[in-house]
Structure formats: C-alpha cells, structure tokens
Amino acid sequence: MRMAWVVAVFAALVVLLAVGLTLNPREVPSPLIGKPAPAFELPLLHAPEKKFSQQEMRGKVWILNVWASWCAPCLVEHPVVSALAKSGLAPVVGLNYKDSREDALPWLKRNGDPYQFSVFDATGRIGIDYGVYGVPETYVIDRRGVIRYKRIGPLTPEISRDKVQPLLQELSRES
C-alpha cells in the first residue's frame, strides 16, 4: 500500500512538471488584465515641462510600450513596434523606464521614434504599478481604460500579427 502512495505522488509530480513545461513564461497571466489601467501623470520625455496622464487616452484604444535605451531586447522589438505604429491601428505611447533623458533621446534619434510620444518614468514607480517584470513590456488598453493584453518581453512579428493586431481591430469595432 505504501508503494502505491509513493507511485501516485510521483505520478502527480510528473504531471505537474509536464504541464508547467508547456507554459510560456512570457505570457504570465497578469492580475491587471480586465482591470482599469493604473493612473499616472508623468512628464513627456521630449518636453519635461509638459505632463501626460493615461486619462487623456480615454475613448481611444491604445498601446503602452515600456522601453529603455539600456535594454537590448527593446532594440530587437523596435522594428515591430515601429511597424505597429505605422499600421495606424492604435496610437503607441512609450513609457521610458528607469532611464535618463541623456541616453533615451539619442537612442530614439538613432533608431527612429515610433511613439506618438514617450513619458519619462525615471524612478520606475509607474512600472511597479503596472507590474512590470522587466523591459520591454507591452500593454493594449481599450477605450474605457481597461488593460486587455500584456506581453512580457519583445514583441515579435508573429505576436503582433497573431495577437496584438487582431485584438486592436476587435477593440476598435467595439463601441
């Protein structure tokens, strides 16, 4: 009888491990999905005397892309973010995370600036509110200000085509 218990526990552990290995760590379920985007007001990266609040995007479907000049994966995803911005499906707002203006502005000039504008989160406080694990991260926010999608890590052309763009189209049709 004792051997049967050991075999059952071992089998249960194998099943849990097998299920865990099939999960994508980049698609961690966020507790923010389906909830209002956390409120913030930050200075613009290009114009620190001006401020932006996520409330200004109410009534619009939009994308919040968390990036930094020191982030190598951000450079990898940059062409995908640029293509998404050029598609016109939704405005893309950058959240420059734990960076410096002296590094971020030349990075955008060198690599191209796909953002409608970027806000500057030097301390990472807003990143904490949004549950940022690390950069890059991307959020799709609907007209009511509710987070509908979160991507941890760089966007790929496949993710943009298969997940982000269809979601943006669907949300744009909703009234």
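Modeller: Two strands count as paired if DSSP finds at least two bridges between them. The model discussed here is predicted.

Colleague: In what order do the five strands of the open sheet stand?
Modeller: The pairing in this open sheet is mixed. β5 (117-121) and β7 stand at the edges with a single partner strand each, so one side of each has no neighbour in the sheet. Averaged over neighbouring strands and with direction ignored, the turn of one against the other is 20 degrees. The order is β5-β4-β3-β6-β7.

Colleague: Which residue of β6 is the bridge partner of L64?
Modeller: Strand β3 (residues 62-67) pairs with β6 in the antiparallel sense, over five bridges. In that pairing W62 stands opposite I141 of β6. The bridge partner of L64 is Y139.

Colleague: Which residue in β7 is the bridge partner of I141?
Modeller: β6 also pairs with strand β7 (residues 147-152), antiparallel and over five bridges. The hairpin of these two strands has five residues between them, and G145 there takes a positive phi near 85 degrees. The partner of I141 in β7 is I147.

Colleague: How many of the five residues of strand β6 are buried?
Modeller: Buried means a relative accessible area under 20%. On one side of β6, E137, Y139 and I141 are buried, and on the other T138 and V140 are too. Strand β6 (residues 137-141) is therefore largely enclosed by the rest of the structure, the buried count being five of the five.

Colleague: What angle does the direction of helix α2 make with that of β3?
Modeller: Among the helices, α3 (residues 101-111) lies across β3, β4 and β5 and runs at about 120 degrees to β3. Helix α2 (residues 72-87) packs on the sheet and touches β3, β4 (92-97) and β6. Its direction makes an angle with that of β3 of about 165 degrees.

Colleague: Is the aromatic pair of Y130 and Y139 stacked or edge-to-face?
Modeller: The structure holds seven aromatic pairs. In the pair of Y130 and Y139, the centres are 5.4 Å apart and the planes make 75 degrees. Planes over 60 degrees apart put a pair in one class, so this pair is edge-to-face.

Colleague: What is the relative accessible area of Y139?
Modeller: Ring pairs link Y139 into a cluster with F40, F52, W62, F117 and Y130. Y130 counts as buried because its relative accessibility is 1%. Y139 is buried as well, with a relative accessible area of 0%.

Note on methods
Residues numbered from 1 in each chain as written. Predicted model: local features only at pLDDT ≥ 70, side-chain atom pairs only at ≥ 80, totals over all residues. Heavy atoms only, no water. Buried < 20%, exposed > 50% of the residue type's maximum accessible area, 1.4 Å probe, protein only. Helix = DSSP H or I, 4+ residues; strand = E, 2+ residues; numbered from the N terminus. Axes fitted to C-alpha atoms, helices over the stretch in contact; angles between N-to-C directions. Contact = heavy atoms within 4.5 Å. Phe/Tyr/Trp six-rings, centres within 6.5 Å; stacked < 30°, edge-to-face > 60°.
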